[in-house]
Amino acid sequence: MGTFMIRRRSAWGFVRESEQTAELSSRLGSDQMPDQVRWIRSYVVTESYGRLGALCVCQDVDDEALREHARRVRMPADEIVPVTRTVLVRDGPGRTERLPDLETGGRRPRRRSVRAP
């Protein structure tokens, strides 16, 4: 499964609508698409014109599975971007810690050693 960030613009007018959609989305993913879609986290944002949107992090077999899930739940999937790396910045500039990639299920990939001839 790949990890994707989905931008959902202007999906809801009220917080309760976003909560109801999240419940439906989770239930549909678990019941109907368990081997295709895995929700990680969502961030609800207020758009400049007052409606609510979201940034969602999901793991899916491909972006078509994401689009199908969004269609079934009746929510937008305006932009789908593959996640290539996760980075966390702590204690200000210059102190960056690389988190384990979501792709490996939290395990750090094995390092390959290169032997000199």
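User: Why is cysteine 58 called buried?

Analyst: Its relative accessible area is 5%, and buried means under 20%, with over 50% for exposed and partly exposed in between (1.4 Å probe, protein chains only); 5% falls under that limit, so cysteine 58 counts as buried. Do keep in mind that this is a predicted model, in which local features need pLDDT of at least 70 and side-chain atom pairs count only at pLDDT 80 or more, while totals for chains, interfaces and linings use all residues. Residues are numbered from 1 along each chain as its sequence is written, and side-chain values use heavy atoms, leaving out hydrogens and water.

User: What makes cysteine 56 buried or exposed?

Analyst: Cysteine 56 has a relative accessible area of 6%. Set against the under 20% limit, that value makes cysteine 56 buried. Over the chain of 117 residues, 28% count as buried.

User: How do you know how many disulfides the structure holds?

Analyst: A disulfide is a pair of cysteine sulfur atoms within 2.5 Å, and the structure holds zero of them. For cysteine 56, the nearest cysteine sulfur is that of cysteine 58, 5.7 Å away. That distance is not within 2.5 Å, so cysteine 56 is in no disulfide. Cysteine 58 is in no disulfide either, with the sulfur of cysteine 56 as its nearest, at 5.7 Å.

User: What makes β2 and β3 a pair?

Analyst: Strands pair if DSSP finds at least two bridges between them. Nine bridges join β2 to β3, running antiparallel, so the rule is met. In one of these bridges, serine 42 has cysteine 56 of β3 as its partner. The two strands form a hairpin with five residues between them, and glycine 50 in the turn has a positive phi of about 100°.

User: Why is β4 paired with β1?

Analyst: Four bridges join these antiparallel strands, which satisfies the need for at least two. Methionine 5, for instance, has valine 81 in β4 as its bridge partner.

User: What is the order of the strands in the open sheet, and which are at its edges?

Analyst: The order is β2-β3-β1-β4, with antiparallel pairing. The edge strands are β2 (37–46) and β4 (79–82), as each pairs on one side only. Strands here are DSSP runs (E, at least two residues), and helices are runs of H or I with at least four, numbered from the N terminus. The chain has two helices and six strands.

User: What makes up the largest nonpolar core?

Analyst: Such a core is a set of buried Ala, Val, Leu, Ile, Met, Phe, Trp, Tyr and Cys residues joined through side-chain atoms within 4.5 Å. The largest one has 17 residues, and those with the most contacts inside it are Ile6, Trp12, Leu66 and Ile80. β1 (2–12), β3 (52–60) and α2 (63–73) each supply at least two residues. Contact means heavy atoms within 4.5 Å; beyond its neighbours within four places in sequence, isoleucine 80 has contacts including Phe4, Ile6 and Leu66. As a general rule, nonpolar side chains tend to be buried together in soluble globular proteins.

User: Why is serine 25 called buried?

Analyst: Its relative accessible area is 13%, so serine 25 is under the 20% limit. Serine 25 lies in helix α1 (residues 15–32). Apart from neighbours within four places in sequence, serine 25 is in contact with His69, Val73 and Met75.
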